[in-house]
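Thanks for sharing this one. Here are my notes, set out point by point so that you can follow them with the model open beside you.

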Amino acid sequence: MKRLIFGLAALLSLGAGVATVDADPDHDHGPFVIHGRSFVDQEAFINAGLRCGTRHVDEIRAAEIDAELAAHKGRGGASHRPGSPTASATVTGGTINVYVHVITSSAGAGNVPDTQINAQINVLNAAFAGSGWSFNLVSVDRTANDAWYTMGYGSTAEAAAKNALRKGSADDLNLYTANLGGGLLGWATFPWDYAAKPKMDGVVVLYASLPGGSASPYNLGDTATHEVGHWMGLYHTFQGGCAKTGDLVGDTPAERSPAYGCPVGRDSCPSKPGLDPIRNFMDYTDDGCMNSFTADQDARMDAVFSAYRFGK
């Protein structure tokens with residue numbers, strides 16, 4: 001049973017787009033090795049698109065989603081400026097049930113222990129504490145399947161695994177761990193896609209990204225935090241780049257491209273107010289650098305959850 005908190009909140013309209021990452025000369029010192037794969041440097045890893053495989057939403061679809069959110073609260077096609085509310089939330093927090101699916105090889109590789117899974121839930125609870133959302137681990141199941149173990153984004157293996165394992169409804173989080181194909185750290189589905197493909201809903205992460213895993217510097221559990229942010233309806237902080245609307249979240253400073261490492265003082269949009277939001281969970285920085293969501297991101301999660309997940 002979920003504990004849901006009722007109230008009013010704001011939601012921001014959505015944006016899309018991604019630029020090539022800027023180099024971080026203070027962090028990028030040569031070969032970058034992660035989970036057995038070697039890259040020329042960390043920038044090459046980021047530019048390869050392996051930090052996050054969640055698909056980007058184009059401007060047309062983003063506008064459609066914005067209209068759906070407005071209609072959900074009876075506001076139809078009311079005009080609004082970027083950074084202003086597009087809908088009020090029905091729920092502004094609550095406890096989300098979590099079903100964890102550990103997928104291993106037939107030889108048992110990737111079989112993360114319960115201690116790491118519990119640590120991951122603790123990381124999520126700490127990250128989302130300020131938003132009023134919390135996570136309750138309901139169950140853990142373990143499946144040995146070589147094809148599923150190396151599943152890639154959008155693959156038949158992903159579809160097969162999710163169709164066999166997914167539990168609960170739209171407002172339940174299904175978290176899958178595996179040795180993801182292509183070297184990806186993780187990906188997620190967006191809330192508005194649930195109705196069309198409910199079995200595909202959820203978050204997938206590299207098993208080595210869980211707290212204490214081997215995927216340093218992405219082994220403190222914040223790959224899951226980042227992907228759950230997508231699952232709750234958030235975009236990357238750098239989407240939209242330095243454009244007027246940016247990521248369409250009013251209190252995240254504009255950011256031309258994803259950051260990596262922890263480049264304190266980075267300002268990729270010098271003509272816009274504020275330094276790059278490198279501490280935000282929706283950027284691409286190292287786990288040890290990330291520590292926050294903003295108030296407007298919180299409001300957006302509330303309203304998107306209300307429209308697409310609550311009671312579905």
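The points below go through the strands, the cores, the aromatic contacts, the backbone and the disulfides.

1. A word on the source before anything else. This is a predicted model, so please read every value below as computed from that model.

2. I would start with strand E6, residues 173-178. Six of its six residues are buried. In a regular strand the side chains alternate between the two faces of the sheet. In E6 both faces are covered: Leu173, Leu175 and Thr177 are buried on one side, and Asn174, Tyr176 and Ala178 are buried on the other.

3. What are the pairing partners of E6? Strand E4, residues 91-104, runs parallel to E6 and is joined to it by five bridges. Here Val100 of E4 is found opposite Leu175 of E6. E6 also pairs with E8, again in the parallel sense, over four bridges. In that pairing Ala178 has Leu206 in E8 as its bridge partner.

4. Now to the interior. In soluble globular proteins, nonpolar side chains tend to be buried together. The largest nonpolar core in this model has 59 residues. Those with the most contacts inside this core are Phe45, Ile103, Phe128, Phe135, Met151, Val228 and Met232. E4 gives the largest share of the core, six residues. Apart from this core lies another one, of ten residues, including Val57, Phe190, Val304 and Tyr308.

5. Met232 is worth selecting on your screen. Which residues does Met232 touch, leaving aside its neighbours within four places in sequence? The contacts are Ile96, Phe128, Trp133, Pro191, Met301, Val304 and Phe305. Phe128 appears with Met232 in the list of residues with the most contacts in the largest core, while Val304 belongs to the core of ten residues.

6. Next, the rings. The model has 15 aromatic pairs. One of them is formed by Trp192 and Tyr235: their ring centres are 6.2 Å apart, and with 50 degrees between the planes the pair is tilted. Trp192 lies in the loop between strand E7 (186-188) and strand E8 (203-206), and Tyr235 in the loop between helix H6 (222-231) and helix H7 (295-308). The two are 43 residues apart, so the pair links distant parts of the chain. Both Trp192 and Tyr235 are buried.

7. Two further ring features deserve a look. Phe32, Phe39, Phe45 and Tyr218 are linked into a cluster by ring pairs; Phe45 is also among the residues with the most contacts in the largest core. Elsewhere, Arg309 places its charged end over the ring of Trp231, 3.8 Å from the ring centre.

8. On the backbone, I would check two places. The peptide bond between Ser216 and Pro217 is cis, with omega about 5 degrees, and Pro217 is in the loop between E8 and H6. The other place is His35, which is not a glycine yet has a positive phi of about 50 degrees. His35 sits in the loop between strand E2 (32-34) and strand E3 (37-39). Its relative accessibility is 27%, so His35 counts as partly exposed.

9. How many disulfides does the whole structure hold? The search finds two. In one, Cys242 is joined to Cys269 with an S to S distance of 1.9 Å. The torsion about this S-S bond is about -90 degrees, so the disulfide of Cys242 and Cys269 is left-handed. Both cysteines lie in the loop between H6 and H7, and because they are 27 residues apart in sequence, the bond ties together separate parts of that loop. Cys242 is partly exposed at 28% relative accessibility, whereas Cys269 is buried at 1%.

10. The other disulfide joins Cys262 to Cys289, with an S to S distance of 2.1 Å. With 65 degrees about the S-S bond, this link is right-handed. Cys262 and Cys289 also lie in the loop between H6 and H7, 27 residues apart in sequence. Cys262 is partly exposed at 28% relative accessibility, and Cys289 is buried at 1%. Numbered in sequence order, the bonded cysteines pair as 1-3, 2-4.

Technical notes:
Residues numbered from 1 in each chain as written. Predicted model: local features only at pLDDT ≥ 70, side-chain atom pairs only at ≥ 80, totals over all residues. Heavy atoms only, no water. Phe/Tyr/Trp six-rings, centres within 6.5 Å; stacked < 30°, edge-to-face > 60°. Buried < 20%, exposed > 50% of the residue type's maximum accessible area, 1.4 Å probe, protein only. Lys NZ or Arg CZ within 6 Å of the ring centre and 35° of its normal. Pairing = 2+ DSSP bridges. Core = buried A, V, L, I, M, F, W, Y, C linked by side-chain atoms within 4.5 Å. Contact = heavy atoms within 4.5 Å. Disulfide = S-S within 2.5 Å.
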